[in-house]
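Colleague: I am new to this structure and would like a close look at a single part of it, with enough of the surroundings to see where that part sits. Could you take me through it slowly?

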Amino acid sequence: MARQEFAADFTMTNESNNQNKKPTVDHDRIEAAVREILAAVGEDPEREGLLETPSRVARMYAELFSGLHEDPAVHLKKCFTEKYDEIVLVKDVAFNSMCEHHLLPFIGRAHVAYLPRGKVVGLSKIGRVVEVVARRPQVQERMTETIADLMMSDLDAKGVAVVIEASHSCMVIRGVRKPGSECVTSAMRGTFRDNLSTRSEVMTLIYGGRK
Ligand SMILES: [Zn+2]
């Protein structure tokens, strides 16, 4: 379901991109490159099983990197005035992204908390922000900070805390080969950075009840 919603959004963004003449994904170029890689590793790109592979990979990359052509901030535009000034936490937002060093997926969960300053945003919008930022060639550290800075500036929040846990294919299937390892990154802004007890509170909310 989430995927369908996302697809609808992407089409919309694509149309506005065309108006702004921003570059979009060049399928032909990806196809040519994939054929080239197949040949380079010693395969025959004309082999029956591989004939459709370049176009399949092109469509896949268009999907996985669609966040390059979207502005995550659009999802934070619609806010509601609320007196609520305690922590708002959206936990376990599942995402998949692509490690920009190896072009291999890293898959995990994001926990995003903020302390509102009179403005709250729809909870599902936070999931959208994570999705857009994830769908770019990424490193987990930058992804964590991008989400935190965006929430901080666009919601005018008193504080933002983002914790991301992910398993990186590039650590599991190649190199050091460490299946089961997880990378955890966090970005604390405003009150979460300055106030130890507020930070402890959010970490308890994120990890509380988990073994
Ligand atoms: Zn990597």
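Modeller: What follows is a close look at helix 8, set against the chain around it and one other helix.

To begin with the whole, this is a predicted model, and the mean pLDDT of the protein chain is 90, with 89% of its residues reaching 70 or more. Some caution is due at the start of the chain, where pLDDT stays under 50 over residues 1-19, a stretch for which the model has nine contacts beyond four places in sequence. The protein chain contains eight helices and seven strands, and buried residues account for 29% of its 211 residues. If one takes the contacts between residues at least 6 apart in sequence, 72% of them join residues at least 24 apart.

Helix 8 covers residues 196-207, and its 12 residues should span 16 Å at 1.5 Å a residue, which agrees with the 16 Å that separates its end C-alpha atoms. Its buried residues are Thr198, Val202 and Ile206. Because these three cover an arc of only 75° around the axis, they lie on the same side of helix 8. The face turned away from that buried side carries exposed residues, namely Leu196, Ser197, Ser200, Thr204 and Tyr207. After helix 8 comes Gly209, which has a positive phi, near 80°.

What do the buried residues of helix 8 pack against? Their partners are strand 2, strand 3, strand 6 (159-168) and helix 7 (191-194). Two of these partners, strand 2 (residues 88-99) and strand 3 (residues 104-115), run antiparallel and are joined by 10 bridges, and one of the pairings sets Met98 against Pro105 in strand 3. Their hairpin has four residues between the strands, and Leu103 takes a positive phi there, near 50°. Strand 2 also pairs with strand 5 (residues 137-138), in this case in the parallel sense and over two bridges, with Cys99 standing opposite Gln138 of strand 5.

Helix 8 also has a share in the largest nonpolar core, which has 33 residues, and in which Val112, Val130, Ile147, Met151 and Val162 have the most contacts. Two or more residues of this core come from each of strand 3, helix 4, helix 5 (140-154), strand 6, strand 7 (183-190) and helix 8. Val162 gives a view of how the core is joined, since, leaving aside neighbours within four places in sequence, Val162 is in contact with Ala110, Val112, Thr144, Ile147, Ala148, Ser186 and Ala187.

Helix 4 (residues 123-134), another contributor to this core, makes a useful companion to helix 8. Helix 4 has 12 residues and reaches 17 Å from its first C-alpha to its last, close to the 16 Å expected at 1.5 Å a residue. Nine of its 12 residues are buried, so helix 4 is largely enclosed by the rest of the structure. Those buried residues are Ile126, Gly127, Arg128, Val129, Val130, Glu131, Val132, Val133 and Ala134. In helix 8, by comparison, the buried residues are Thr198, Val202 and Ile206, with exposed residues on the face turned away from them.

Key
Residues are numbered from 1 along each chain as its sequence is written. This is a predicted model: local features need pLDDT of at least 70, side-chain atom pairs count only at pLDDT 80 or more; totals for chains, interfaces and linings use all residues. The expected span of a helix is 1.5 Å times one less than its number of residues. A residue is buried if 20 or more other C-beta atoms lie within 10 Å of its own, exposed if 12 or fewer, and partly exposed in between; C-beta atoms are placed from the backbone. pLDDT is the predictor's confidence in each residue, from 0 to 100. Two residues are in contact if their C-beta atoms, placed from the backbone, lie within 7 Å. Two strands pair if DSSP finds at least two bridges between them. The arc is that of the directions from the helix axis to the C-beta atoms. A nonpolar core is a set of buried Ala, Val, Leu, Ile, Met, Phe, Trp, Tyr and Cys residues joined through C-beta atoms within 7 Å.
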